[in-house]
Structure formats: C-alpha cells, structure tokens
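This report looks at how charged side chains, the main pocket and a surface patch are arranged in one protein chain. Please read it alongside the sequence and the coordinates shown below.

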Amino acid sequence: MNTVILIGRLTTAPEVRYANNQDQTCIARFRLAVDRPHSREGSDNADFIPIKCFGNTAKLAEKYLNKGMKIAVEGCIQTGSYTKDDGTKVYTTEVIASRVEFCERKTDSAAPTRNINDLARFPEAHFTDMQSDEEDLPF
C-alpha cells in the first residue's frame, strides 16, 4: 500500500503548465512545508515535500492555492531518477496528489488562531440552542 496524507503550508504558489498531449493535461507543482515533531533541543523543524498533481486537481490548485495556505494532501509517494548532462545520477521523491483540501478558511489564514475564550464573544456562531423533549430523539 502506498498512501500518504500530509498537512502543511505552501511555500510558494503552484507552478502550472499544460502538457503537449491531445488533452493538454494540466500539471501543477508546489512544495508543502510539513512540521516535524519537536526535536530534542526543542527547536521546530519542517520537511519541504514536493507535490505534483494532474487534471482537475491541478486546475483547482492553479485557481485557489496561494503561498502560505494550510492544506491537506492525499496521494502516493513516487520515486525516480535521471542522469544530468555531466553524468551524475539524481534520485527524486515526490508525492503525486490525488486529493487536496483546505485546512482553514480564507479569513483564518490572515487572522490569529482562535482559542476557547473567543467562543464566549460569539456564541451564536458556534452553538445552536436545541429545544427538544427526550421522547423526540430517535435513539
């Protein structure tokens, strides 16, 4: 089984190109900064994972994804290699995304993270008052 799910922030806007095939397939590439667990020294580290997506997923990436956005990517790891002009062999690893989802609303990326104290100021936005007799419940 080759499945990976990553959550992180885009380091740049996606680079998009269209293949020279009959369908002119859309191809988008971007890097995702994914936090590592805290190291022993207490400093934060991140991995910068190259992501590639095709077709409609790539078109949506082109239209909606921007640098700094927090997204989730589901896909598979693909490895490969090629030889440079000078004869050195280069090994590659990237994630081929089959699914991309937003992890925050557009307004949340610019605003600081909300904490539990913010709920008291906006109760109507987070909770709904339910008036019901227990006899009406289906369980």
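## Salt bridges, pocket and patch

A network of salt bridges links Arg29, Lys52 and Glu94. The model is a predicted one, and in it the protein chain has four helices and six strands, which follow one another from the N terminus in the order β-β-β-β-α-β-β-α-α-α. Of the 139 residues in the protein chain, 22% are buried.

Within the network, glutamate 94 forms a salt bridge with lysine 52, their closest N and O atoms being 3.3 Å apart. Because glutamate 94 belongs to strand 6 and lysine 52 to strand 4, the pair ties together parts that are 42 residues apart in sequence. Glutamate 94 counts as buried, at 12% relative accessibility, and lysine 52 is likewise buried, at 12%.

The count of salt bridges comes to six, and the table gives three of these pairs, including the one just described.

| Salt bridge | N to O distance |
|---|---|
| Glutamate 104 and arginine 9 | 2.9 Å |
| Arginine 36 and aspartate 47 | 2.6 Å |
| Glutamate 94 and lysine 52 | 3.3 Å |

In the salt bridge between glutamate 104 and arginine 9, distant parts of the chain are linked, since glutamate 104 sits in the loop between strand 6 and helix 2 (106–110) and arginine 9 in strand 1 (residues 4–10), 95 residues apart. Arginine 9 is partly exposed, with 36% relative accessibility.

The salt bridge between arginine 36 and aspartate 47 ties together parts that are 11 residues apart in sequence, because arginine 36 lies in the loop between strand 3 and strand 4, and aspartate 47 in strand 4. Arginine 36 is partly exposed at 42% relative accessibility, and aspartate 47 is also partly exposed, at 28%.

Two members of the network, Arg29 and Glu94, are also among the residues that line the largest pocket, which holds about 180 Å³ of space. Strand 3 (26–35), strand 4 (46–54) and strand 6 (89–102) each supply at least two residues of this lining, and strand 3 gives the most, with three residues. By class, the lining has four nonpolar, two polar and four charged residues.

On the surface, Leu60, Tyr64 and Phe102 make a nonpolar patch of about 320 Å². Tyrosine 64, which lies in helix 1 (residues 55–64), is partly exposed, with a relative accessible area of 40%.

A backbone detail concerns glutamine 24, in the loop between strand 2 (15–18) and strand 3. Most residues other than glycine have a negative phi, whereas phi of glutamine 24 is positive, near 50°.

Notes:
Residues numbered from 1 in each chain as written. Predicted model: local features only at pLDDT ≥ 70, side-chain atom pairs only at ≥ 80, totals over all residues. Heavy atoms only, no water. 1 Å grid on protein atoms, 1.4 Å probe; cavity = no way out; pocket = protein on both sides within 12 Å on 5 of 7 lines; lining within 4 Å. Points joined across faces, edges and corners; volume = space filled by probe spheres on them. Nonpolar A, V, L, I, M, F, W, Y, C, P; charged D, E, K, R; others polar. Patch = residues over 30% accessible without salt bridge, like charges linked within 9 Å, V, L, I, M, F, W, Y side chains within 5 Å. Areas by Shrake-Rupley, 256 points an atom, 1.4 Å probe, with all protein chains shown as cover. Salt bridge = Lys/Arg side-chain N within 4 Å of Asp/Glu carboxyl O. Buried < 20%, exposed > 50% of the residue type's maximum accessible area, 1.4 Å probe, protein only.
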